[in-house]
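Student: I am new to this structure and would like a close look at a single part of it. Could you take one helix, go through it slowly, and then follow what lies around it?

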Amino acid sequence: MPESFSALELYKKSCEYLESKGIKCYKSDTEWIFQEVLQIKKIDIFLDNVVIKNEQKIKLREVIKRRGKREPLQHIIGHVQFYNCTIKSDTRALIPRFETESLIELIVGKLPNDFNKKIFDLGTGTGAIIVSLAKQYPNSKCKGFDRSEDALSLAKENILINECSHNTNIEKFDWNKDVILEKCNVLVSNPPYLSLEEWEHTEIEVKEYDPKDALVSRNQGKSDLEAIMQLAPKMIVKGGILALEFGKGHGDYLTSKFGNQFANVEIRKDLNGVRRFFLGEI
């Protein structure tokens, strides 16, 4: 008779293993892995009404070991839920952070429900931001720009996965060298803004799996922010808005150096209460 195992017992052992490897969210990570590998609901683990066969146990062990080696959960399960969409995630681009969902919410708070104009996303990465906005505003015209061929390929896949190719395109663009001739009504960006020192103190998952150039910027993390601030007045039509994510200590710098280029400037906080977003109108 085939050997079988208790889901709850294996869950507890997996949690203990990941905790011993220094995984902070070991419980939630284990829950996600069990749900994905076994194709069950979270409650099924704790009701202990799932019988796990030996081949499933082997698969679970393999995946739990990968997480124990600090491979990001999002890469292991292959996707992340971001705002209103499912985003494929791998080493080609930065894993979308939940903090950035607040940037989408701020934009949605500024636009009418039937918005049908142009939205540009600089440094689109996985395409999470532009795909979310394209789904939120199906009559809008959306474009995501990135200089990385790897990121561009991943963003294109996410457009297809989320069925928004009718109003979304991806183009190669380097804001330090290239010129965009087309203008937009909304410009959004989550550019690199970590200093090298900050990057060196990030988690193993970040240093070993996220592309470094998607995180680190010169001049104490300000170089790419400055480039976008300088581009924004040339790219945004009169009455349009800029929505920008920035890093620790950048808020006052951005408003003092570039604030006079915009009207109704706001610095807003993320869900952790950290000053994280710049909003301004042209």
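Tutor: What follows is a walk along helix H8, then to some residues beside it, and last to the empty spaces elsewhere.

The model is a predicted one, in which local features need pLDDT of at least 70 and side-chain atom pairs count only at pLDDT 80 or more, while totals for chains, interfaces and linings use all residues. Residues are numbered from 1 along each chain as its sequence is written, and side-chain values use heavy atoms, with hydrogens and water left out.

Helices (H or I, at least four residues) and strands (E, at least two) are DSSP runs, numbered from the N terminus. Helix H8 takes in the 13 residues 149-161, and its end C-alpha atoms lie 19 Å apart, which agrees with the 18 Å that it should span at 1.5 Å a residue; that expected span is 1.5 Å times one less than the number of residues.

At the start of H8, a side-chain oxygen of Ser 148 comes to within 3.3 Å of the backbone nitrogen of Asp 150. Such a polar contact is a pair of N or O atoms within 3.5 Å; within protein, one must be able to donate a hydrogen and the other to accept it, and residues adjacent in sequence count only if both atoms are side-chain atoms. After the helix comes Glu 163, which has a positive phi near 55°.

The buried residues of H8 are Ala 151, Leu 152, Leu 154, Ala 155, Asn 158 and Ile 159. Seen down the helix axis, these buried residues fall within an arc of 165°, so they line one face of H8; the arc is that of the directions from the helix axis to the C-beta atoms. Buried means under 20% relative accessible area, exposed over 50%, and partly exposed in between (1.4 Å probe, protein chains only). An α-helix has 3.6 residues a turn, so residues three or four places apart point the same way. The face of H8 turned away from the buried side carries the exposed residues Glu 149 and Leu 160.

The cover over the buried residues of H8 includes strand S4 (85-88), helix H7 (128-136), strand S6 (141-146) and strand S7 (168-172). Within H7 lies Gln 136, which is partly exposed, with a relative accessible area of 27%. Leaving aside neighbours within four places in sequence, Gln 136 is in contact (heavy atoms within 4.5 Å) with Tyr 83, Asn 84 and Val 108.

The loop between H8 and S7 holds His 166, an exposed residue with a relative accessible area of 58%. The side chain of His 166 reaches the backbone oxygen of Pro 138 at 3.4 Å. His 166 and Lys 141 are 25 residues apart in sequence, and their C-alpha atoms are 8.9 Å apart in space.

Turning to empty space, a cavity is, on a 1 Å grid over the protein atoms alone, a set of points where a 1.4 Å probe fits but cannot get out, and lining residues have an atom within 4 Å of a point. Grid points are joined across faces, edges and corners, and a volume is the space filled by probe spheres set on the points. The count comes to one cavity of 30 Å³ or more, and the largest cavity holds about 40 Å³ of space. Its lining includes Lys 110, Ile 241 and Asn 264, and strand S11 (275-281) gives the most to that lining, with three residues.

Terms used: 1 Å grid on protein atoms, 1.4 Å probe; cavity = no way out; pocket = protein on both sides within 12 Å on 5 of 7 lines; lining within 4 Å.
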